[in-house]
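Here's a quick tour of a protein and the molecules it holds. Have a look at the structure first, then work through the points below.

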Amino acid sequence: MKRVAVMTSGGDSPGMNAAVRAVTKKAIYHNLDVYGVYRGYEGLMEGDIKKLELKDVGSIIHRGGTILGTARSERFKTEEGQQQALEQLAKHDIDSLVVIGGDGSYRGAQALHKKGINTIGIPGTIDNDINGTDFTLGFSTAINTVIEAVDRIRDTATSHERSFVIEVMGRDAGDIAAWSGLATGAESIFIPETVMDKAEMVTRLKKGFDRGKKHSIIIVAEGVGTAEEFATYINENSEYDSRVTVLGHIQRGGSPVVFDRILGSRLGGKAIDLLMEGISGKALGLEKNEISVHDYDYVFQKKDHKDLDEYIQLSKELSI
Ligand code: ADP
Ligand code: F6P
């Protein structure tokens, strides 16, 4: 192993800085030279690469976002873009790379691995949509942000006896919606992985208000549709007044909760261990609180979402 670099890519997530810090410090601990690639694959192709010292990663474990910056790059998906990246890595004498990002970023890491660069992936995304890990970096912080917002909305919903439809992120995955819905006692939760029709939502809403409930919270995963769509349905099919909140990028920011700081630290440290053993082409995760190591092709398979079915069913039973 010559020199190692670390980068963040795709959507940022809380805990990425903890992972960058761990990779950097663990490498320096082992007397390795470590480099930071700025602005994701875009920066890699452009040679936006700088040596990292201990001071560069000081006081970042508690910060949201990523100090390295991130990007989505169409150009890197091309052969020409990847050749450019390889040239930059060679120029800096870097043969090993830790990529912190979602499955798109992993595809880039796999492409570089096939071209002779030692790569290890760390699952950094709030969506929790990566196979081979129970949790992705940033998911815990994101759902805590969501429940804080939903709790506040519930206060005003109760005062006005309204129903609120709250749209949360997750791309095609329903983890953020299912977890935050169960944790806030939402009356209905819509996720892409399970089927529930809008009529059932209105029935549940009516039953709740008839029983004396003062509010109704409906959580919609963005992968199912827009909150606006669901609120319109309620307004057209019941006498209840409904409002919409789209939580948006507030879900991606903020100081990482303890779980994400620990996860970032553990996976960052493990990435250096593996690279020092000469291992490449692997994605890290956490399964039953143990660090797992899988081939990229394994983590590209669709995640089994049996846990979400259970959450939705339980939520239906508890929010009667
Ligand atoms: P995430 O990593 O959060 O899933 P994206 O899907 O946007 O986010 O992927 C991040 C970046 O990874 C993309 O902008 C692109 O540069 C790179 N990438 C995605 N898919 C591929 C691919 N098939 N081959 C090479 N690079 C890819
Ligand atoms: O993958 C993380 C995520 O926040 C998704 O939940 C969301 O669909 C997407 O990124 C938003 O991407 P952007 O920040 O590019 O609008």
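**What surrounds ligand 2**

The shell of residues around ligand 2 breaks down into five charged, three polar and two nonpolar ones. Keep in mind that this is a predicted model. Two ligands come up here, and both ligand 2 and ligand 1 sit in the largest pocket.

**Ligand 2 and its neighbours**

- Want to find ligand 2 by its neighbours? Look for Arg 72, Thr 125, Ile 126, Asp 127, Met 169, Gly 170, Arg 171, Glu 222, His 249 and Arg 252, which surround it.
- Asp 127 uses its side chain here: one of its polar atoms is 2.6 Å from an oxygen atom of ligand 2.
- Arg 252 also takes part through its side chain, with an N or O atom 2.8 Å from an oxygen atom of ligand 2.
- Gly 170 joins in through its backbone, where a polar atom lies 3.1 Å from an oxygen atom of ligand 2.
- On its own, ligand 2 has 400 Å² of accessible area, and the protein covers 74% of that.

**How the domains fit in**

- The chain splits into two parts: domain 1 (3-138 + 256-301) and domain 2 (140-253).
- Measure up the contact between domain 1 and domain 2 and you'll get 15 residues from domain 1 and 14 residues from domain 2.
- If you take the centres over C-alpha atoms, domain 1 and domain 2 are 34 Å apart.
- Why does ligand 2 lie between the domains? Domain 1 and domain 2 both give residues to the shell around ligand 2, so that's where it ends up.

**Ligand 1 and its neighbours**

- How many residues surround ligand 1? There are 16 of them, and the closest are Arg 72, Ser 73, Gly 102, Gly 104 and Ser 105.
- Ser 105 reaches ligand 1 with its side chain: a polar atom there is 2.5 Å from an oxygen atom of the ligand.
- Gly 104 uses its backbone instead, placing an N or O atom 3.0 Å from an oxygen atom of ligand 1.
- Asp 103 has a side-chain N or O atom that is 3.2 Å from an oxygen atom of ligand 1.
- Ligand 1 exposes 560 Å² when taken alone, and the protein buries 83% of that.

**One residue to spot twice**

- Arg 72 is worth picking out, as it is among the residues surrounding ligand 2 and also among the closest to ligand 1.

Notes:
Residues are numbered from 1 along each chain as its sequence is written. Chains are lettered from A and ligands numbered from 1 in the order in which they are written. This is a predicted model: local features need pLDDT of at least 70, side-chain atom pairs count only at pLDDT 80 or more; totals for chains, interfaces and linings use all residues. Side-chain values use heavy atoms; hydrogens and water are left out. A residue is near a molecule or strand if one of its heavy atoms lies within 4 Å of it. A polar contact is a pair of N or O atoms within 3.5 Å; within protein, one must be able to donate a hydrogen and the other to accept it, and residues adjacent in sequence count only if both atoms are side-chain atoms. Accessible areas come from the Shrake-Rupley method with a 1.4 Å probe; for residues, only the protein chains shown count as cover. On a 1 Å grid over the protein atoms alone, a cavity is a set of points where a 1.4 Å probe fits but cannot get out, and a pocket is an open set with protein on both sides within 12 Å along at least five of seven lines; lining residues have an atom within 4 Å of a point. A molecule sits in a cavity or pocket if more than half of its atoms lie within 2 Å of its grid points. Ala, Val, Leu, Ile, Met, Phe, Trp, Tyr, Cys and Pro count as nonpolar, Asp, Glu, Lys and Arg as charged, and the others, Gly among them, as polar. Domain bounds come from an automatic or database domain assignment. Contact means heavy atoms within 4.5 Å.
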